[in-house]
Amino acid sequence: MSWGTELWDQFDNLEKHTQWGIDTLEKCIKFVKERTEIELSYAKQLRNLSKKYQPKKNSKEEEEYKYTSCKAFISTLNEMNDYAGQHEVISENMASQIIVDLARYVQELKQERKSNFHDGRKAQQHIETCWKQLESSKRRFERDCKEADRAQQYFEKMDADINVTKADVEKARQQAQIRHQMAEDSKADYSSILQKFNHEQHEYYHTHIPNIFQKIQEMEERRIVRIGESMKTYAEVDRQVIPIIGKCLDGIVKAAESIDQKNDSQLVIEAYKSGFEPPGDIEFEDYTQPMKRTVSDNSLSNSRGEGKPDLKFGGKSKGKLWPFIKKNKGATPEDFSNLPPEQRRKKLQQKVDELNKEIQKEMDQRDAITKMKDVYLKNPQMGDPASLDHKLAEVSQNIEKLRLETQKFEAWLAEVEGRLPARSEQARRQSGLYDSQNPPTVNNCAQDRESSPDGSYTEEQSQESEVKVLATDFDDEFDDEEPLPAIGTCKALYTFEGQNEGTISVAEGETLYVIEEDKGDGWTRIRRNEDEEGYVPTSYVEVCLDKNAKDS
């Protein structure tokens with residue numbers, strides 16, 4: 001099977017076919033190039049996606065990633081980042097191993113094709129020239145033969161004519177001989193050129209064209225093989241990254257398997273545990289007998305069942321609310337006193353740990369400066385030891401400041417840790433286990449309490465969750481209870497909408513009577529008139545107590 005023998009007369013078609021082959025190769029290059037662009041774009045989009053969902057540094061979102069499920073999500077994002085990197089590798093390898101290689105090969109192929117078809121055209125031109133020579137010699141031979149015949153006929157005519165002189169006959173005879181000789185020469189020349197042409201034609205169709213077409217055939221077959229190799233490389237480039245992509249996917253699976261729901265549940269407890277004891281049972285109130293009705297300090301003001309009468313708080317109860325509203329509307333207090341006990345303890349512990357780390361860092365720096373000073377003392381040419389005294393003093397001063405700060409927070413921490421049992425004791429008293437003569441407080445049901453993410457309570461949350469205010473002890477004759485005497489006055493610094501039962505609304509700038517000061521829970525009991533009294537956040541009012549009340 002050879003193009004030279006089978007396609008000896010298809011020069012033009014072969015020229016078109018080989019050009020189509022080069023176009024096909026360039027189409028493959030374009031295809032791979034577009035694939036590399038897609039891979040790069042995909043990798044970029046994956047990286048951007050991974051970056052978009054990464055937690056922002058020093059943000060509240062970053063704190064949420066302590067949960068194992070969130071850590072697994074972060075691991076997935078990181079694995080996707082590596083996954084994107086493998087698509088970049090695919091793009092780079094396809095560009096270097098296929099596109100660059102094939103582009104160079106196409107240029108070589110074009111040059112080789114041009115050379116082969118140039119040789120083919122040259123052989124065509126040569127055989128055409130030989131053919132023209134043959135045709136020319138043939139026409140000359142034919143012409144000379146005709147001229148020789150005419151000269152011979154003219155001589156015979158002159159020789160037969162008796163009126164023609166002998167000289168004219170001789171002249172005609174010589175002319176006939178000359179023409180005959182010319183015809184013989186033309187015949188010999190035509191024969192020689194014919195033999196030469198036949199030889200050239202045989203060489204052209206059996207040697208030159210087969211050789212040229214064989215080169216073109218080999219060139220075309222190499223092109224076809226190269227396309228096949230490129231396709232294999234195309235697949236191999238993808239195959240090479242499969243193990244790494246597999247590792248990325250394995251990493252995602254491993255991260256998913258590391259999720260521990262029990263651990264996350266424990267973290268939720270640590271994050272939001274308030275440290276308060278749950279409210280105790282509500283005592284049975286028997287209205288069938290004229291007896292003193294008492295209610296647990298922790299009983300709910302809004303009855304849990306249908307048909308129970310509402311307990312009146314309009315200045316008649318002595319209870320208090322737990323601080324649902326942030327005590328500080330401004331910055332968070334340094335001692336985190338706005339937080340529930342457990343959350344406060346955690347924040348203080350965290351602060352102590354941070355300060356200890358800073359102290360250790362400063363001590364390491366002091367040790368390094370001390371060592372440098374010793375080196376300067378031993379080798380004065382390296383530096384002046386006195387130049388480090390100021391820095392050493394500054395570091396020592398910083399250490400002392402940090403230690404004082406740590407002692408302050410440790411004292412608060414010890415206070416909180418010491419109070420935690422006391423708070424449970426207070427809760428037990430509120431549950432009615434102790435004497436009802438103890439100062440009553442109003443608490444909310446723990447399960448109905450909602451806290452903000454930082455552990456403090458906000459007014460909006462208490463309103464939305466419809467916090468049920470806990471009832472307190474009532475005297476026997478609660479309808480005829482004498483109002484508490486005023487112990488001072490207060491001026492409202494801000495407007496407060498008292499939407500919970502037991503609270504009272506005040507307008508900014510309004511002056512009211514204080515009938516019970518803040519007992520440490522952030523609430524002050526005030527009165528507007530005989531029928532209107534209730535609790536307001538202490539931070540919302542400016543209190544001025546009577547001296548006699550303070551002394552008593």
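This note on a predicted model takes up a helix residue, a set of paired strands and a surface patch.

1. Gln86 is placed in helix H4, which covers residues 68-160. With a relative accessible area of 12%, Gln86 is buried, because that value falls under the 20% limit used for this class. Leaving aside residues up to four places away in sequence, Gln86 touches Val241, Ile244 and Ile245, so a reader inspecting the surroundings of this buried side chain may wish to display those residues together with Gln86.

2. Strand E3, made of residues 488-492, has two faces: Gly488, Cys490 and Ala492 belong to the covered face, whereas Thr489 and Lys491 belong to the uncovered one.

3. E3 is joined to strand E4 (residues 511-516) by 4 bridges, and the two run antiparallel; within E4, Leu512 is the bridge partner of Cys490, a residue of the covered face of E3.

4. E3 also pairs with strand E7 (residues 541-545), again in the antiparallel sense, over 5 bridges. Here Glu542 of E7 is the bridge partner of Lys491, which lies on the uncovered face of E3.

5. On the surface, Leu49, Tyr53 and Phe73 form a nonpolar patch, and their accessible area together is about 280 Å². Leu49, one of these residues, is located in helix H2, residues 11-52. Its relative accessibility is 44%, and Leu49 therefore counts as partly exposed, since partly exposed residues are those between the 20% and 50% limits.

Key: Residues are numbered from 1 along each chain as its sequence is written. This is a predicted model: local features need pLDDT of at least 70, side-chain atom pairs count only at pLDDT 80 or more; totals for chains, interfaces and linings use all residues. Side-chain values use heavy atoms; hydrogens and water are left out. Buried means under 20% relative accessible area, exposed over 50%, partly exposed in between (1.4 Å probe, protein chains only). Contact means heavy atoms within 4.5 Å. Two strands pair if DSSP finds at least two bridges between them. Patches are made of residues with over 30% relative accessible area and no salt bridge: like charges are joined within 9 Å, nonpolar side chains (Val, Leu, Ile, Met, Phe, Trp, Tyr) within 5 Å. Accessible areas come from the Shrake-Rupley method with a 1.4 Å probe; for residues, only the protein chains shown count as cover. A salt bridge is a side-chain nitrogen of Lys or Arg within 4 Å of a carboxyl oxygen of Asp or Glu.
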